[in-house]
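Visitor: Hello! I am new to protein structures. Could you walk me through this one, feature by feature?

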Amino acid sequence: MSEQLALFANKPASPEGLRYAADFVSPEVERELIARIAALPLQPFQFGQYEGKRRVASFGFRYDYSLRRMQEANPIPEWLNPTITEVEAFGGPATRIRQILCTEYDTGVGIGWHRDKPQYDRVFGLSLGSACKFRFRRPAGEKWQRFTLNAEPRSIYMMSGPSRKEWEHSIPSVEAPRYSITFRTMVDQ
Ligand SMILES: O=C(O)CCC(=O)C(=O)O
Ligand SMILES: [Fe+2]
């Protein structure tokens with residue numbers, strides 16, 4: 001087989017630095033976390049012009065889009081501590097989660113192509129309630145190189161290295177309500 005054909009025959013390669021684990025939390029913990037998020041004073045967040053609104057709450061830090069800088073946010077609530085401990089273990093030694101984003105996506109809501117702010121370092125995402133197609137793209141000549149991660153409910157992903165810095169990510173409109181908790185480490189300043 002020519003090199004070209006071999007490339008087509010293979011599945012698209014996963015972005016370097018992306019890790020995924022299914023069943024990261026139990027169905028009981030999933031239910032509890034969803035109830036906690038639903039009880040937060042969530043605020044609409046408009047990312048792209050043409051998208052439905054997702055609703056969010058930030059803790060630790062938040063990026064202020066009008067001031068274009070990081071601001072301190074409310075402290076991370078205690079009910080997140082057991083999950084943060086597990087995420088830090090998943091991330092390995094020296095993983096310190098300092099920023100949390102809780103998000104609610106109603107049916108039909110997604111998030112457009114972006115990279116997270118450079119003040120954040122590694123990004124972990126816990127999916128709750130329903131699955132989503134977590135899409136990646138990066139420029140490859142005139143085209144895009146693409147990859148889709150099926151993020152199942154109760155799973156976690158970690159973006160580090162190229163998957164975090166070179167690739168953009170997005171989520172197309174979800175088919176059922178989805179909640180996520182994003183856990184971020186910060187770049188040392
Ligand atoms: O909901 C998710 O898993 C990802 C959200 C996201 O990419 C972001 O808020 O930057
Ligand atoms: Fe993101």
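**Reading the model together**

Guide: Happily! Start with residues 96–187: the C-alpha atoms at the two ends lie 11 Å apart, and the span is 5% helix and 60% strand. In UniProt, an unreviewed entry lists residues 96–187 as "domain: Fe2OG dioxygenase". Please keep in mind that this is a predicted model.

Visitor: What pLDDT does the protein average?

Guide: First the general idea: where pLDDT is low, the predicted coordinates should not be read in detail. Here the protein averages a pLDDT of 92, and 90% of the residues score at least 70. The model also scores ipTM 0.99 and pTM 0.92.

Visitor: Now the strands. In what order do the 4 strands of the open sheet come?

Guide: In general, strands of a sheet pair through backbone hydrogen bonds, either parallel or antiparallel. In this case the order is β7-β12-β9-β10, with antiparallel pairing. β7 (111–114) and β10 (143–151) are the edge strands, each pairing on one side only. On average, neighbouring strands of this sheet are turned by 20° against each other, direction ignored.

Visitor: How many bridges join β7 to β12?

Guide: There are 2 bridges between β7 and β12 (residues 168–171), and the two strands run antiparallel. You can find one partnership by eye: His-114 has His-169 in β12 as its bridge partner.

Visitor: And over how many bridges do β9 and β12 pair?

Guide: β9 and β12 pair over 3 bridges, again in the antiparallel sense. Look for Arg-135, which stands opposite Ser-170 in β12.

Visitor: Which strand pairs with β9 over 9 bridges?

Guide: That is β10, which pairs with β9 (residues 132–140) in the antiparallel sense. Across this pair, Pro-139 stands opposite Trp-144 in β10. The hairpin of β9 and β10 has 2 residues between the strands, and Gly-141 takes a positive phi near 65° there.

Visitor: Let us turn to the ligand. Which residues surround ligand 1?

Guide: The shell consists of Leu-101, Thr-103, Ile-111, Asp-116, Gly-125, His-169, Ser-180 and Thr-182. His-169 is one you have met already, as the bridge partner of His-114. β6 (99–105) and β13 (178–186) each supply at least two residues of the shell.

Visitor: How many residues of that shell are nonpolar, polar and charged?

Guide: Sorted by class, the shell around ligand 1 has 2 nonpolar, 5 polar and 1 charged residues. Try picking out Asp-116 and His-169 among the residues around ligand 1 in the view above.

Definitions and conventions:
Residues are numbered from 1 along each chain as its sequence is written. Chains are lettered from A and ligands numbered from 1 in the order in which they are written. This is a predicted model: local features need pLDDT of at least 70, side-chain atom pairs count only at pLDDT 80 or more; totals for chains, interfaces and linings use all residues. A residue is near a molecule or strand if its C-beta atom, placed from the backbone, lies within 6 Å of it. Ala, Val, Leu, Ile, Met, Phe, Trp, Tyr, Cys and Pro count as nonpolar, Asp, Glu, Lys and Arg as charged, and the others, Gly among them, as polar. Two strands pair if DSSP finds at least two bridges between them. Axes are lines fitted to C-alpha atoms, for helices over the stretch in contact, and angles run from 0 to 180 degrees between N-to-C directions. UniProt positions are given in the numbering used here, feature names are shortened, and annotations may be inferred rather than shown by experiment. pLDDT is the predictor's confidence in each residue, from 0 to 100.
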